[in-house]
Amino acid sequence: MKSGVNATTKLIFEEKKAIKLFLWLFYIFYFAFDILYYYFYPIYTKSNSLGFPRDGLGLWLYVLVLGLLYPAIYYYKKENPYIIKYIIVIGYVIIDTTNVIIVNFGSLKPFDTGNIVEILFFFFSPIFVNKKYFWTASSLIMGRYLFLGLVLQDKRYFFPIVIYLIIFAISWIILIRFYSYINSLKNAYEELRQKEKLATMGQMAAAIGHEIRNPLASLRGFTQLQQERNPNTNDFYPIMIQEIDRINIIVDDLMYLGKPKAIQIEKENIEEIIAYTLSILQQQARRQGVNVETVMEGPLPPIDCDEKQLKQVFINLIKNAIEAMPDGGKIKINLKAPKENKLLITIQDEGCGIEDEDLLNLGDPFYTTKKEGTGLGLMVTNNIIKDHKGELIINSRIGEGTKIEVVLPITQK
Ligand code: ADP
Ligand code: MG
């Protein structure tokens, strides 16, 4: 994919910027620290050991550390900058640790090691936004002091570990913050893309829906007329009308996708809405051997809602429940007002259930597992319920069935 390539090049570009900064700072800190330590510090304290140490690797130490630049530049040019930070950390730790061991092994020289550049390794992990690097660098740096302390039998090598543990914690916190920031950016971008996709598809869907609607209305009218004219050939007319109504439901969903209508709130009776829904779906239910049982717990107050839209919600939900039981079964619909200003409608089926990983996709437009599904129902349902400041809760167990809970506020304040 084209965008994939672009994203990768951008990432490489970012890494290159970071690694360049890292290399500059690494060498500046490294040499500045040693120059200060071996030239300026002795002058200031009037000690007599002026100049770079000649023991251990001697000047070879600096040659080797500079030599790390060679593979670094090589991989930089090879467009594989990710590996460079590891080369530097591992290279530094090996070279410097070797030097310390040669200088101090078997001698009683004072503890004199470490370079401020090591802090840089920690603080660059948030900049590389890389947990693997963070763990590698911090365990190498701290591990090296542990190793030196054990090999040279000198407790003073453990002191830097204490300091580095604090730095470790701080840079871990920064790294985690960077991660979550980047993640939220990613999510926002994904959402935006989804919205854009939806907007385009929605416009198309709405246009098509609109075109289908009018011919469908006249088709339904004439079919009804025909049914009245020929009362003795009644058999097919109800089915024809019902099928047209079914197309109408799909068209409604399609059009909702294009331009969600502003809701028109009025006080409505929820039982009537459910009863209407069932009247539309009863044929299909009967054909599939599905029984619907409605239980109303107590008298329910009228609810502030857009009647047409709520009908669309329950048609979608109950239709899904019926379709989940191709071999028949029972649907329990329960209506109650569990709390002040809350109405709870539960729709429970004994159908096929939904896989856990599919639950996440349910709200996506065009996501369907059915041969003749549109994948619009739940998405529209979700949006309508959100517009009503309500909540849709789906609980499902594979093979046992699905329980859908719709929570709606009774009054829209
Ligand atoms: P459609 O019904 O056209 O497939 P929906 O948006 O209504 O689209 O539903 C999306 C998917 O969610 C369905 O294809 C189905 O896999 C799953 N689903 C929804 N309701 C149920 C249910 N009651 N039981 C099992 N699966 C369901
Ligand atoms: Mg559906």
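Q: What follows H5 in this model, and what is the sign of phi there?
A: The residue after H5 is Val129, and its phi is positive, near 45°. The model is a predicted one.

Q: What makes the phi of Val129 worth a remark?
A: Most residues other than glycine have a negative phi. Val129 is a residue other than glycine, yet its phi is a positive value. Val129 has its place in the loop between H5 and helix H6 (131-151).

Q: Why is Val129 called partly exposed?
A: Partly exposed covers the range between the 20% limit for buried and the 50% limit for exposed. Val129 has a relative accessibility of 25%, so the term applies to Val129.

Q: Which other residue has a positive phi although it is not a glycine, and where is it found?
A: Glu79 has a positive phi, about 60°. Glu79 sits in the loop between helix H3 (69-77) and helix H4 (84-104).

Q: Why is Glu79 called partly exposed?
A: The relative accessible area of Glu79 is 41%, and therefore Glu79 counts as partly exposed. To be called exposed, a residue needs over 50%.

Q: What makes the span of H5 close to the expected one?
A: Helix H5 (residues 117-128) has 12 residues, and 16 Å is expected at 1.5 Å a residue. From its first C-alpha to its last, H5 reaches 17 Å.

Q: Why is H5 called mostly covered?
A: A residue is buried when its relative accessible area is under 20%. Of the 12 residues in H5, 9 are buried. Among them are Val117, Leu120, Phe121, Phe122, Phe124 and Phe128, and the list also includes Glu118, Ser125 and Pro126.

Q: Where is Tyr179, and why is it called partly exposed?
A: Tyr179 has its place in helix H7. At 26% relative accessibility, Tyr179 is over the limit for buried and under the limit for exposed, so partly exposed is the term. Tyr179 and Val129 are 50 residues apart in sequence, while their C-alpha atoms are 6.8 Å apart in space.

Q: Why is Ser180 called partly exposed, and how far is its C-alpha from that of Phe121?
A: The relative accessible area of Ser180 is 32%, so Ser180 is partly exposed. Ser180 lies in helix H7 (residues 159-229). The C-alpha atoms of Ser180 and Phe121 are separated by 21 Å, and these residues are 59 apart along the chain.

Q: Why is Met204 called exposed?
A: The cut-off is over 50%. Met204 has a relative accessible area of 57%, and so Met204 is exposed. Met204 is also found in helix H7. From Met204 to Asn183 there are 21 residues in sequence and 32 Å in space, C-alpha to C-alpha.

Q: Why is Thr277 called buried?
A: Buried needs a value under 20%. Thr277 has 0% relative accessibility, so Thr277 counts as buried. Its place is in helix H9 (residues 270-287).

Q: What makes the pair formed by the side chain of Thr277 and the backbone oxygen of Ile273 a polar contact?
A: The limit for a polar contact is 3.5 Å. The side chain of Thr277 reaches the backbone oxygen of Ile273 at 2.7 Å, so the distance is within that limit.

Q: Which labels do Cys305 and Cys352 get, and why?
A: Cys305 has a relative accessible area of 0%, so Cys305 is buried. Cys352 has 47%, which means Cys352 is partly exposed.

Q: How many disulfides does the structure hold?
A: The structure holds 0 disulfides. The test for a disulfide is a pair of cysteine sulfur atoms within 2.5 Å.

Q: What makes the pairs between ligand 1 and Asn320, Thr368 and Gly375 polar contacts?
A: An oxygen atom of ligand 1 lies 2.8 Å from an N or O atom in the side chain of Asn320. For the side chain of Thr368 the distance is 2.5 Å. A polar backbone atom of Gly375 is 2.9 Å from an oxygen atom of ligand 1. With a limit of 3.5 Å, these distances therefore qualify. The protein covers 94% of the 530 Å² of accessible area that ligand 1 has on its own.

Q: Which residues come nearest to ligand 1, and what is the make-up of the shell?
A: Of the 20 residues around ligand 1, Thr368, Thr369, Lys370, Thr374 and Leu378 come nearest. The shell divides into 8 nonpolar, 9 polar and 3 charged residues. Helix H10 (307-323) and helix H12 (377-387) each supply at least two of its residues. H10 gives the largest share, 3 residues.

Terms used:
Residues numbered from 1 in each chain as written. Chains lettered and ligands numbered in written order. Predicted model: local features only at pLDDT ≥ 70, side-chain atom pairs only at ≥ 80, totals over all residues. Heavy atoms only, no water. Near = heavy atom within 4 Å. Polar contact = N/O pair within 3.5 Å; in protein donor to acceptor, adjacent residues only side chain to side chain. Areas by Shrake-Rupley, 256 points an atom, 1.4 Å probe, with all protein chains shown as cover. Helix = DSSP H or I, 4+ residues; strand = E, 2+ residues; numbered from the N terminus. Nonpolar A, V, L, I, M, F, W, Y, C, P; charged D, E, K, R; others polar. Buried < 20%, exposed > 50% of the residue type's maximum accessible area, 1.4 Å probe, protein only. Expected span 1.5 Å × (residues − 1).
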